[in-house]
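The exercises below concern strand pairing and charged side-chain contacts, and each is followed by a worked solution. Please keep the sequence and the coordinates at hand while working through them.

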Amino acid sequence: MADKQGIEEQAQEAQAPGGVTMEKIVSLCKRRGLIFPSSEIYGGLGSTWDYGPLGVELKNNVKRAWWRTVVYERDDMEGLDAAILMHPRVWEASGHVESFTDPLVDCKECKKRFRADHLTTARCPECNGELTEARQFNLMFRTHVGPVEDSASVVYMRPETAQGIFVNFENVRESMRRKLPFGMAQIGKAFRNEITPGNFTFRTREFEQMEIEYFVKPGEDEKWYDYWVQERFGWYQRFGIRAENLRLRPHSKDELAHYARACVDVEYLFPMGWSELEGIANRTDYDLRRHGEFSKKDLTYFDEEEKRRYLPYVIEPSAGADRATLAFLVDAYREDVVAGRERVYLALHTALAPIKAAVMPLLRNRPEVVEMARNLHKSLRRRWKTIYNDTAGIGRLYRRQDEVGTPFCITVDVQSLEDGQVTVRSRDTTAQDRIALDQVERYLTERLESQ
Ligand code: GAP
């Protein structure tokens, strides 16, 4: 249940898109303020990362694109933001206390610890020492509420956001007057004490999920499962991931989580190989049934047409905001040669780009040019994340913006003072359009908001 890592990170003769390596991505992210190692001045905390000024914009844009697609563009979805700390009985009912585990073995000689299901030999891979029997290690982080640290005060940091949705099923159905089928969407942090985190932000102990629980009439679950698989597969392409770098991988029976009747992973061709981006599962009525039993509350649904009560089935598309952000970054990474010089650029979808436009005066020693550029920036920043920059020559400024995926650079020059026009340069083609100052907003609106 806990993790399908052994399968998802197999190299499988994988060719990362455009030959991009994780080192290049990590280096770009550090250099350009996207993602930093957490607590770096103290030497960092293994596999934890902080999103910098441009990283937080990018990840927010990914979350916004998801929310817009699954909540605003639909009539059958409600949003939710449940607490991270929940009643401990939630995790007994959900099966996490019992089953959210990985099997671990220790080496009796060198004392190193390994995932039993990852070992290919019966002895320690480091020193060939004898290994202990496997024991189950629960991945949930535990903490205490209140001042007394005893067993009665134990709570867990949620390992998935899903349970916040299940326990609010009745609240939302009732308050929003919902009939089946309908869904609930939530974005939030989840925590897992992963044994082997790694591959940059791909697997960390603190991460963000973007989860949907879609409640349907039993018997209609397979139809809705197929629907959501296609819907979610298409979403990554809609926001720019190339189709050849995505695939669907159905789970085999022995791989299924304890709650799932069927599950398929949307996989992306990361630099380390095909790996899970999102899982879409048919959770049946498992969660509502268990919460009904444990809480002694009636979570059945009254079907007015059929005049009978039943427990809804649930289809769950469960994505990771950090993994999606990483996949969008990797897929957007490009190297080419412009005017005889190599450049790196991020061909991010305009909806995801951290900065939408950069305004630059061509001559920073001409106050009228600077003023015109500053005023243009002031008017644009009311609507979009834009920047004003005059700290270097234009060639260098273009390259800096290309590297962080800014779709448009707008330059104001001496000619602009006479003809009231500015130059808009496009990131991907480097083509330039000369347009009237008062048309810039319309020009950007057409190109930034037509997704
Ligand atoms: N509610 C179902 C569930 O949590 P999961 O496959 O364990 O299913 C769903 O997780 C998604 O959450 C994954 O596809 C991945 O994108 C993200 N995710 C899970 N564990 C993660 C981790 N340790 N680091 C980053 N993202 C993770």
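A residue counts as buried under 20% relative accessible area, as exposed over 50%, and as partly exposed in between. The model is predicted.

**Exercise 1.** Determine which class of accessibility K108 and E130 belong to, and describe the contact between them.

*Solution.* Begin with the contact: K108 forms a salt bridge with E130, and the closest N and O atoms are 3.2 Å apart. Next, place the pair along the chain, where K108 lies in the loop between β4 and β5 and E130 in the loop between β5 and β6, 22 residues apart, so that distant parts of the chain are linked. Finally, K108 has 40% relative accessibility and therefore counts as partly exposed, and E130, at 40%, also counts as partly exposed.

**Exercise 2.** Work out the order of the strands in the open sheet that contains β4, and explain why β5 and β6 each have one side without a neighbour.

*Solution.* Three strands form the open sheet in the order β5-β4-β6, with antiparallel pairing. Because β5 (113-115) and β6 (135-138) stand at the edges with a single partner strand each, one side of each has no neighbour in the sheet. The twist from one strand to the next averages 45°. Between β4 (residues 101-106) and β6 there are four bridges, and L104 stands opposite R135 in β6.

**Exercise 3.** Are E194 and R203, which form a salt bridge, buried or exposed?

*Solution.* The closest N and O atoms of E194 and R203 are 3.8 Å apart, and both residues are buried.

Terms used: Residues are numbered from 1 along each chain as its sequence is written. This is a predicted model: local features need pLDDT of at least 70, side-chain atom pairs count only at pLDDT 80 or more; totals for chains, interfaces and linings use all residues. Side-chain values use heavy atoms; hydrogens and water are left out. Two strands pair if DSSP finds at least two bridges between them. Helices (H or I, at least four residues) and strands (E, at least two) are DSSP runs, numbered from the N terminus. Axes are lines fitted to C-alpha atoms, for helices over the stretch in contact, and angles run from 0 to 180 degrees between N-to-C directions. A salt bridge is a side-chain nitrogen of Lys or Arg within 4 Å of a carboxyl oxygen of Asp or Glu. Buried means under 20% relative accessible area, exposed over 50%, partly exposed in between (1.4 Å probe, protein chains only).
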